[in-house]
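Here is a walk through one protein model, going from a single loop residue out to the whole chain and back again. Have the viewer open as you read.

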Amino acid sequence: IHIGDVRWPAGRAGEIASLELAASLRALGFEMGRMKTGTPPRLRASTIDFARLVRQDSDPNPEPFSFTTERLREERLPSFFTVTREETHRLIRENIRFSPLYAGVIKGIGARYCPSLEDKVMRFTDKESHPVVLEREGLDTEEIYAKGLGNSLPPELQERIVHSVPGLEQAEIMRLAYAIEYDFVQPTQLRLTLETKRVAGLYLAGQINGTSGYEEAAAQGLWAGVNAALAVQGRSPFFLDRSEAYMGVMVDDLVTRGVDEPYRMFTSRAEYRLILREDNATIRLMGKGRELGLITDEQYARLQEKVCQVESGIRRLTSVRIFPVEETNRTLAELNTSPLKKPVTLFQLLKRSELGYDDLSRFAGWDAVTDQAVKRQIEIEAKYEGYILRQQESVKKMKELEGMKIPARFDYAAVPGLSNELKAKLSRVEPATVGQAERIPGMTQAALMAILVVIKKRELEAAARRS
């Protein structure tokens, strides 16, 4: 941890450092690196002038993360917005030599998408201000998370910087901001199960794989833990591909491409993000949970009932046609949408952005659905049908490549036509399938075909020997 010229070994929130673990991994021959991240100061709520800040209230009807959550607590805490100003930037510029990041003390690689306040001021000199978001750490604490003020400057400078921000002139710092460096294992040394290739039975999850973020760490912990348990039981490993879950995208990114900066799971990394929606998460994944024993038969039966309601609702809307008669077009005008020129089904009508499921109640043949989640699912399926079908075609092609297995310990050095760079990358990653090999940076279609030719040739030779 770095605060000004003071640094000490530590974990998070007062935990001890794991230096011996990193030394053991190096001794085992793992390729390792060093990364840097940071955290902003925590401020005392009672010392902040909220009246001078811009308030943003919580969503009135937030969706819970878990399908098992039947109700949420009534309390809703707002966030508040302010900005840095020229005095803030002047303090940083004049004292940048005290930042361990700029003094050359910190060697770790930081994230481009989440720069420290020092970085923002020094790199974006044209900006007169930078946003600061104040968020409560919880319902029962005075601590305010000051997003946007993350830095690693000395305590006295941190206090002056905080006080230079409108609304924070009297703010008390409860916990100082700091930068932290940590060791990571290059994740191309892992299998898709997150088991290390070098040491059988050793699984890695979280920041040690070069990631940043609580959700990313939790997802990897689940993935690695499930696979470790399945291995002990002698059962088949657990996988999710890039079309099934963001976890699948993240793990594939890590083990196939590796990392050169702290990895976060952005939706932009997912080529099938139109399929990986929040509204269909239970439909996509609950069957997997049931196979693992994490979902009860009762829970799964409730899901199947919901799926049946969605399918039945879509069938009903698809079967009901309406015609461009005067009464129909008058109703459409009242709904602020254009008149019909030819007959359409209610499902086709629902594709219009101006119309919702309940608007169809104005037309004969419509059936009421009371479940809001079912209604929402039907609307999404209607409005995005064409896009979803195109994405499903892409998924089908991807699945075909994922179905082509590459033999274990495949000798890429013996494949004619491969560059030395690709041979090295393929040997390091050891892709399990042709699909995974295709996603290795620098892979070409010609190289992929060369690998397929050798695999096919060896399969034919093996078949000839058996006969």
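Where does threonine 211 lie? Threonine 211 sits in the loop between S10 and H5. Keep in mind throughout that this is a predicted model.

## The overall picture

Let's zoom out for a moment. The protein has 467 residues, and 42% of them count as buried. Its secondary structure adds up to 15 helices and twelve strands. Along the principal axes, the C-alpha atoms fill a box of roughly 75 × 75 × 45 Å. If you look at contacts between residues at least 6 apart in sequence, 69% of them join residues at least 24 apart.

On the outside, about 26000 Å² is exposed, with carbon and sulfur atoms supplying 52% of that area. As for charge, there are 67 positive and 66 negative side chains, and the centres of the two sets lie 5 Å apart.

## Threonine 211 in its loop

Back to the loop we started with. Threonine 211 counts as buried because its relative accessible area is 0%, below the 20% cut-off. Its side chain makes a polar contact of 3.0 Å with the side chain of glutamine 220. Gln220 also turns up in the list of residues that threonine 211 touches beyond four places in sequence, along with Tyr182, Gly206, Glu216, Leu254 and Tyr263.

There is also a pairing across the sequence to look at here. Arginine 264 is 53 residues away from threonine 211 along the chain, yet the two C-alpha atoms are 6.2 Å apart in space.

## Leucine 194 and the largest core

Leucine 194 lies in the loop between S10 and H5 too. Its phi is positive, about 75 degrees, although leucine 194 is not a glycine. With a relative accessibility of 0%, leucine 194 is buried.

Which residues touch the most other members of the largest nonpolar core? They are Leu194 and Trp223, in a core of 30 residues. Three elements give two or more residues to this core: strand S10 (178-185), helix H5 (214-232) and helix H6 (246-257). H6 makes the largest contribution, with six residues. Setting aside residues up to four places away in sequence, leucine 194 touches Leu202, Tyr203, Leu204, Asn209, Gln220, Trp223, Ala224, Val251 and Val255. Apart from this core lies another, of 23 residues, which includes Phe80, Ile92, Val121 and Leu157.

## Histidine 130 and threonine 39

Now for two more buried residues. Histidine 130 is in the loop between helix H3 (117-123) and strand S7 (131-136). It counts as buried at 6% relative accessibility. The histidine 130 side chain reaches the backbone oxygen of lysine 120 at 3.5 Å. Beyond four places in sequence, histidine 130 is in contact with Thr82, Val83, Thr84, His89, Lys120, Val121 and Phe124. Val121 is one of the residues named above for the core of 23.

Threonine 39 belongs to strand S3 (residues 32-39). Is threonine 39 buried or exposed? At 13% relative accessibility, threonine 39 is buried. Its side chain has a polar contact of 2.6 Å with the side chain of arginine 42. Leaving out neighbours within four places in sequence, the contacts of threonine 39 are Tyr145, Gly150, Asn151, Ala177 and Tyr178.

## Out towards the C terminus

Two residues with higher numbers round off the tour. Arginine 409 is in the loop between helix H12 (385-402) and helix H13 (420-429). This residue is exposed, with a relative accessible area of 80%. Phi of arginine 409 is near 55 degrees, another positive value in a residue other than glycine.

Leucine 452 lies in helix H15 (residues 445-466). Why does leucine 452 count as partly exposed? Its relative accessible area is 24%, so leucine 452 falls between the 20% and 50% cut-offs. Beyond four places in sequence, leucine 452 is in contact with Met404 and Val434. Lysine 396 is 56 residues from leucine 452 in sequence, and their C-alpha atoms are 19 Å apart.

How values were computed
Residues numbered from 1 in each chain as written. Predicted model: local features only at pLDDT ≥ 70, side-chain atom pairs only at ≥ 80, totals over all residues. Heavy atoms only, no water. Helix = DSSP H or I, 4+ residues; strand = E, 2+ residues; numbered from the N terminus. Buried < 20%, exposed > 50% of the residue type's maximum accessible area, 1.4 Å probe, protein only. Contact = heavy atoms within 4.5 Å. Areas by Shrake-Rupley, 256 points an atom, 1.4 Å probe, with all protein chains shown as cover. Lys, Arg positive; Asp, Glu negative; His and termini not counted. Charge placed at Lys NZ, Arg CZ, Asp CG, Glu CD. Polar contact = N/O pair within 3.5 Å; in protein donor to acceptor, adjacent residues only side chain to side chain. Core = buried A, V, L, I, M, F, W, Y, C linked by side-chain atoms within 4.5 Å.
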